[in-house]
Amino acid sequence: MVAPKALVLRAPGTNCDQETAQAWKMAGAESEIWHFHRLLESPESLSGFQILTFPGGFSYGDDLGAGRVWSARIHLSLADTLRKFVDHGGLILGICNGFQVLVATGLLPDGARAEMRPTASLTYNVSRQFESRWVQMQAKPGKSVFLNGISSIALPSAHGEGRFMTSSPEALQQLQANGQVVLQYVDPSGQPTEQYPANPNGSPQGVAGVCDPTGRILGLMPHPERFVTPIHHPNWTRFPKNALPSPDGLKLFTNAIASLA
Amino acid sequence: MIWYLEIVPRNALIHASANAHREQEAMELGLPGPWSIHETRGLIIEGQISKSSLEGAAIAALLDPVLETGYIHEIMARHNDSELLVQSSDTPVKTQVVHVLPKPGVTDPTGDTALGILKSLGHDIQKVRTVRTYRIQGPAAFLMDLVRRLLANEAVEMSVIGDLGIDHLQALGHYVFKRLEVPILGMTDVELMETSKKGQLSLSIDEMRIIQGHYAAEGRNPSDCELETIAQTWSEHCSHKTLKGVVQKRGRSYRNLLKETIFAATSKLNADWVVSVFADNAGVVSFDDTYDVCFKVETHNHPSAIDPYGGANTGIGGVIRDPMGTGLGARPIANTDVFCVAPPNFPADCLPPGVLHPRRVLKGVVAGVRDYGNRMGIPTVNGAVAFHPDYLANPLVFCGTIGLIPRGMSEKSVASGDLIVAMGGRTGRDGIHGATFSSIELTSDSEIVSSGAVQIGNAITEKMVLDVLMQARDRGLYRAITDCGAGGFSSAVGEMGAELGAIVDLENAPLKYEGLSYTEIWISEAQERMVLAVPPDKWEALRALSESEGVESTVLGTFVDSGRLVLKYHGEVVGDLDMHFLHDGRPKVTRRAESNPVATVEPNYGISHDHTQELMELLSDENIASKEWIIRQYDHEVLAGTVVKPLVGVGADAPSDAAVLWPSHETYRGLVVSCGLQIHAGAVDSYRMAALAIDEAVRNCVSVGADPSRIALLDNFCWGNPERPDNLDRLVEAAEACHDISLAWKTPFISGKDSLYNEFLHDGQSRSIPPTLLISAMGQMADVRQAVTMDFKEAGNEIWVLGYTQAAMGGSVWASHFLNDPAPIPVVDCDLALKIFHKLHEAIVKGWIRSCHDISEGGLAVALAEMAMGGRMGARCSLRDIPCEDSAAIDTVLLFGESPSRFIVEVASDQIENLGELWAELPVGRLGEVVGAGKPGHDRMLIKGLDQSILIHSLVEEIQTVWKRPLDWFPKC
């Protein structure tokens, strides 16, 4: 099998591009990091990739709300390109700020519709502050190609705006019913939770990640690219040297690649 | 037209927690309520745009269309001030509206971002500024206090009560060129000093006389620009005239204090793994076959006293540029931060005028570091916070950055003919006189006279510069680089061209706004700027690369082999300085040091102690208590290289001794980052204080697995006025300790910085900070998979103490609680410590140590408690076998003493014999064993005394509650 090609986009303020590209490589893809401007100059070159990633960071400073400026620029000149990319079977992964960008464009949760417009938002944590901590999540993969075979996963989260809000509680119920709420923060007993700190941002129903109706677009707040070796685990020194924890974050990347085979 | 776009949530509940939090903060700052404070954010937009177009743009880019909505009002000029609040009554008033916006000229990243996107959407907009609008109900008499103490920072923000009345944004005026001279030639000494003071030059009379003499020989007066350049270059901040000056001390005289102490040790060691020391923006050592690493720690104290957020924000932003400007440019991979502040429970009504409350200072500096470091995508992995009442008016903010640089790129040179290129942020009026400001004492007026020295950073600009630089470096597009720090272009260009000369066309510098004089352009400390020496044939490629990433790069002039620094403004020469005079003309400062010994008293331990109670008191001392509230606000895992994180253990809430970084995944080689700080001992014995700080930094490093033969150190001295002989004597003693210990342990100092004059003048009385020496350590380990953390791992494992306990209790946290008189300070036994470090390392490499924690603040009892909390396990221990000097055989001393070079280790039963053999020659004793009740919340820590009576018996859960409470400032939600 020819290794699929993953494009990792960066904008001013993106800062997780290197480790995200590294994670794709470890999982078996060829990855390249491109400045957003470069893609704007030749949007057609996106067709040479099978995977597009919006990594974490603070694109354009996130000053006007997380992901807002980058999504406005995408709407301005790249919406058609992205729609085509998804329609032709391309995968899109948005991590942290990348998730915020996908939600602000409308690509999540509704997918690459003819008229892209946001119907949800990732807003300020209830705690009103940026926080880094590992979170435990349950996965209900549904159609999501990234989460195949995962039922429970721990990853590091680090954000100030991760509370997933829909325009109404009914809209969230609909997403649940559609099987698009694929990752939820859980409490120590394993139940989805809105309680801080198990849920770091106060997302209703513990929403941590959602996919589009096709399952080919995934956005999540926690960082899978930061758990791609056993020693990324916060407690690896407590494990026997010959039985270190398995790097669950890497599975999202290998799953995506496997789905393209 | 000027529009005000007010952005409000569709559902008020979404932001309710923020408002409640602010109301609580008002009460904490001593503002009698009750308050109702409601905040909205907004933008003020100046440009040719209709209301409906602005509505469309707002929905497309300026607000969150799902959760927010906006109101757009046109702003009219206001022609009278009659609406200002009359402060007469303390009865509740109707809702008052207060708008807070950045002062003209202050950097406003959000406004700039909004301007950028509005232009991209095709709108004709000139300027955008952010504004916060507060609707307040509460006692009118305290409204102004509320605004001043909580809602606005007058150093950088202005508040408008009532309607916004603005007819245009950014009214800074137009600059009309006029070449200015300072007529110093005929001046008397009194006039010379007046000139120095009035111009905020901070030049002494000796220096003024030398300058006068120099210009007399040139037969002319200096221009204002020349005099400013000399003042910046000669400032304490830039030239370190005290540490590099002559010091006369009884029995010994130094021609250059730094050279004969700290530098001397490094040169005598001449370690083959040291690459570049005390020469560049950061010290560089070799790491592996591919990379070198560099480290720099800076202080940003005076700006942080006035504006904690902006001061710390630009402090971290500035130190990140140091590795970026080291050699041909290093990639920053980790940040550190250390704060020294007054205790947060300081009574608000006792604050001297002009002094911010320590709670506000701490919250502000944490937010400042957080917002810059997180945006840059650099993990903040290590730090400390120290609390002492004498930091009240003069808090300390230390920020450090480690960078990774390909081998062979640590040297740079400038060639005649190279272009002087400025890259990054535009030049504004921010930070004028920062270098000279940090070299004088603060007064209650500092806030007013010096706020020009306060700056606001824009991390994204710096990140963009970094993105360009790393590509430009690897393509060889420049020959040398440095950052614009204190002194701005004047320092950067002056230093880079020191061996050659330079011609600078000041009008070429891109400006944030009109109205800057040539001198302001030259000395502005606007942030996020780098200066490069670019061979002319590489310029086009560099320009194109910059443009492709949206970064501004501009040719300012040329380096020329003339020995002169020539400054021009639209062709007119406004400065023509002799480089040699500028860099070597400063008269040597001679200062006198004289010891003022403090008598120490042996403590009387009396008979009865409630040791459990004393332990609880120490655990709730802010110096010891959990700093989780701070650490969690930093991203410490971005770049995916932090393999021992700052918080460790089962619940990821116990304090790691040091962070371990795994910078390059091609090998398993690791970097270890730690620090040491002893704030209680310096006033009594600063030699021993310095030794204790170095010991702490090194043992923290060794504790997680660093190889003790590969540890590099950094020194940061923060001191009071060095012109006081006793202050200076303490400084000399501390520097001597650095020399001696560095030499004994073969741990070279590779970089350092001093910040003197940390005093506050109030009512004619000068209050100095405690003599403060931060030691930062950067260790290395061959394989990060050998790292050890401090949390107990398994019930049944043995607990040992390694090291020798002395009787001296001085400088301990216990002493600060329970003794009135200064007690003797413990000494570092260099030979013994070195043996301990190496033998411990050997055991760690062999995998014989399950957990390891150094004994520091609070002594053995606190260290055990922390290990127990980390593992969510108990311990059963006895003090009987602790190796100690005879006079230290006292329960209190063994529990809470802070003798250096000691560790607690956890050993599995199958390694006991091996370890016993390896450590046969060392002072080591069995403390007890790890116990686990198997039921969460039921584990206990039990410590028996010398006579086997029970001294401490507590639930680990209870210990944890006490330890977490003091700085648990997490918003309750």
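In which sense, and over how many bridges, do E29(B) and strand E33 (residues 772–781) of chain B pair? They pair in the antiparallel sense over seven bridges, two strands being counted as paired if DSSP finds at least two bridges between them. This is a predicted model, in which local features need pLDDT of at least 70 and side-chain atom pairs count only at pLDDT 80 or more, whereas totals for chains, interfaces and linings use all residues. Residues are numbered from 1 along each chain as its sequence is written, chains are lettered from A and ligands numbered from 1 in the order in which they are written, and side-chain values use heavy atoms, with hydrogens and water left out.

**View 1. Strand E29 (residues 712–718) of chain B and its partners.** Helices (H or I, at least four residues) and strands (E, at least two) are DSSP runs, numbered from the N terminus. Seven of the seven residues of E29(B) are buried, that is, under 20% relative accessible area, with exposed meaning over 50% and partly exposed in between (1.4 Å probe, protein chains only). In a regular strand the side chains alternate between the two faces of the sheet. Ala712(B), Leu714(B), Asn716(B) and Cys718(B) point one way, while Leu713(B), Asp715(B) and Phe717(B) point the other way. Ala712(B) stands opposite Met778(B) in E33(B); with strand E30 (residues 749–755) of chain B, E29(B) pairs in the parallel sense over six bridges, and there Cys718(B) stands opposite Ser755(B).

**View 2. The hairpin of E39(B) and E40(B).** Strand E39 (residues 940–944) and strand E40 (residues 950–955) of chain B pair in the antiparallel sense over five bridges, with Leu942(B) opposite His953(B). Five residues lie between the two strands, and Gln948(B) in the turn has a positive phi of about 70 degrees.

**View 3. Asp829(B) in the loop between helix H25 (813–818) and helix H26 (830–845) of chain B.** Asp829(B) is partly exposed, with a relative accessible area of 41%, and its side chain reaches the backbone nitrogen of Leu832(B) at 3.2 Å. The C-alpha atoms of Asp829(B) and Ile741(B), which are 88 residues apart along the chain, are separated by 9.6 Å.

**View 4. The contact between chain B and chain A.** The contact (heavy atoms within 4.5 Å) takes 69 residues from chain B and 54 residues from chain A. Five salt bridges are counted between the chains, each a side-chain nitrogen of Lys or Arg within 4 Å of a carboxyl oxygen of Asp or Glu; one of them joins the side chains of Asp635(B) and Arg226(A) (2.9 Å, N to O).

Methods. Polar contact = N/O pair within 3.5 Å; in protein donor to acceptor, adjacent residues only side chain to side chain.
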